[in-house]
Amino acid sequence: MDNLLKMIFPPRCPACREPMEDDGSYIHPECEKAFKLITEPRCFKCGRHMEEAEKALCPECESKTHMYSYGFPLFEYNDTAQKAMIDYKKNGWKRNGEYFASEIVKHLSGQIKRMKPEVLVPVPITKKRLGERGFNQSEYLAIKIGEKLGIPVEPGLLKRTGAAVQQKKLSGTARKENTDYGIECTSDNVSYRRICIIDDVYTTGGTINACASALMEAGAVETGFVTAFAVYLS
Ligand SMILES: [Zn+2]
Ligand SMILES: [Zn+2]
């Protein structure tokens with residue numbers, strides 16, 4: 001059955017989309033360069049590449065308070081990345097997710113281990129999206145990363161309400177962030193102190209910040225994030 005499936009749906013290269021040899025590799029060696037690693041020096045918080053090595057924070061992180069302590073996006077969100085993400089999320093090419101997860105482990109395992117996360121928590125998607133896609137792309141990444149690094153994954157710790165959340169327990173910044181993004185922690189009292197949030201693409205940081213704030217409202221002490229890609233809008 002497996003072989004038949006492979007004949008009908010051969011694994012494809014996440015970059016050029018051509019079929020792969022059946023040798024277990026995720027990407028053609030010559031296609032690896034199509035995904036661009038975000039290089040050092042990086043902003044200490046959001047992980048964006050910075051021109052000046054002397055500064056710890058980018059202007060965005062200097063002016064805004066983020067609830068997370070630090071984060072590490074892996075690749076730039078270029079055209080190849082965009083296509084590979086469509087194949088992954090909308091066309092169900094889960095091998096693309098496996099490739100991203102294995103690259104995250106290859107390049108960022110040191111950074112992840114230094115965070116000492118007790119658990120990986122994927123950014124939740126709405127029920128509607130889950131229905132359309134059949135899976136949460138960030139959860140799949142988290143599971144694959146967790147398997148390789150031996151860190152447990154808690155996909156149910158956050159949920160997407162898609163609507164304004166109960167506000168009476170929240171205060172200040174946390175209230176605003178959570179409401180804007182409809183992110184809710186399913187526990188009032190999480191037992192994890194350090195949590196690494198996993199997402200596919202970092203954009204404004206708003207969603208990840210809302211996740212971090214919900215987890216910290218519920219008792220987490222420190223949060224960081226890892227994403228496969230980042231596109232910085234400002
Ligand atoms: Zn290729
Ligand atoms: Zn930054």
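Two residues are taken to be in contact when their C-beta atoms, placed from the backbone, lie within 7 Å. The structure is a predicted model, in which local features need a pLDDT of at least 70 and side-chain atom pairs count only at pLDDT 80 or more, whereas totals for chains, interfaces and linings use all residues. Residues are numbered from 1 along each chain as its sequence is written, and chains are lettered from A and ligands numbered from 1 in the order in which they are written.

**View 1. The whole protein, with its eight helices and six strands.** Helices (DSSP runs of H or I, at least four residues) and strands (runs of E, at least two) are numbered from the N terminus, and along the sequence they follow the pattern α-α-β-α-α-β-α-α-β-α-β-β-α-β. Of the 234 residues, 41% are buried, a residue being buried if 20 or more other C-beta atoms lie within 10 Å of its own, exposed if 12 or fewer do, and partly exposed in between. Among contacts with a separation of 6 or more, 73% join residues 24 or more positions apart. The average pLDDT, which is the predictor's confidence in each residue on a scale from 0 to 100, is 90 for the protein, and 89% of the residues score at least 70.

**View 2. Residues 164-168, where pLDDT stays under 50.** For this stretch the model has seven contacts beyond four places in sequence. Where pLDDT is low, the predicted coordinates should not be read in detail.

**View 3. The open sheet of four strands, in the order 1-6-5-2.** The pairing is parallel, and two strands count as paired if DSSP finds at least two bridges between them. Strand 1 (70-76) and strand 2 (119-122) stand at the edges, and because each has a single partner strand, one side of each is left without a neighbour in the sheet. From one strand to the next, the twist averages 20 degrees, with axes fitted as lines to C-alpha atoms (for helices, over the stretch in contact) and angles running from 0 to 180 degrees between N-to-C directions.

**View 4. Strand 5 (residues 194-202) and its partners, strand 2 and strand 6.** Eight of the nine residues of strand 5 are buried, so this strand is largely enclosed by the rest of the structure. Its parallel pairing with strand 2 runs over four bridges, and that with strand 6 over eight. Opposite strand 5 residues, Val119 faces Ile195, Leu120 has Cys196 as its bridge partner, and Pro122 faces Ile198; Ile195 in turn has Thr223 of strand 6 as a bridge partner. In strand 2, Val119 and Val121 point one way while Leu120 and Pro122 point the other, and all are buried.

**View 5. Helix 6 (residues 137-149) and helix 8 (residues 206-217) on the sheet.** Helix 6 touches strand 2, strand 5 and strand 6 (222-230), and its direction makes about 125 degrees with that of strand 5. Helix 8 likewise touches strand 2, strand 5 and strand 6, at about 160 degrees to the direction of strand 5. Helix 8 is mostly covered, with 10 of its 12 residues buried, including Ile208, Asn209, Cys211, Leu215 and Glu217. At 1.5 Å a residue, its 12 residues should span 16 Å, which agrees with the 16 Å between its end C-alpha atoms; the expected span is 1.5 Å times one less than the number of residues. After helix 8 comes Gly219, with a positive phi near 120 degrees.

**View 6. Lys144, a residue of helix 6.** Lys144 counts as buried because it has 21 C-beta neighbours inside 10 Å. Leaving aside residues up to four places away in sequence, Lys144 touches Gly97, Glu98 and Ala101. Between Lys144 and Ala101 the C-alpha to C-alpha distance is 6.0 Å, although they are 43 residues apart in sequence.

**View 7. The buried residues of helix 3 (residues 79-89).** Ala81, Ala84, Met85, Tyr88 and Lys89 are the buried residues of this helix. Seen down the axis of helix 3, they fall within an arc of 120 degrees, so they line one face of the helix; the arc is that of the directions from the helix axis to the C-beta atoms. Asp79 and Ile86, on the other side of helix 3, are exposed. The cover over the buried residues of helix 3 includes strand 1, helix 4 (94-115), helix 5 (127-133), helix 6, strand 5 and strand 6.
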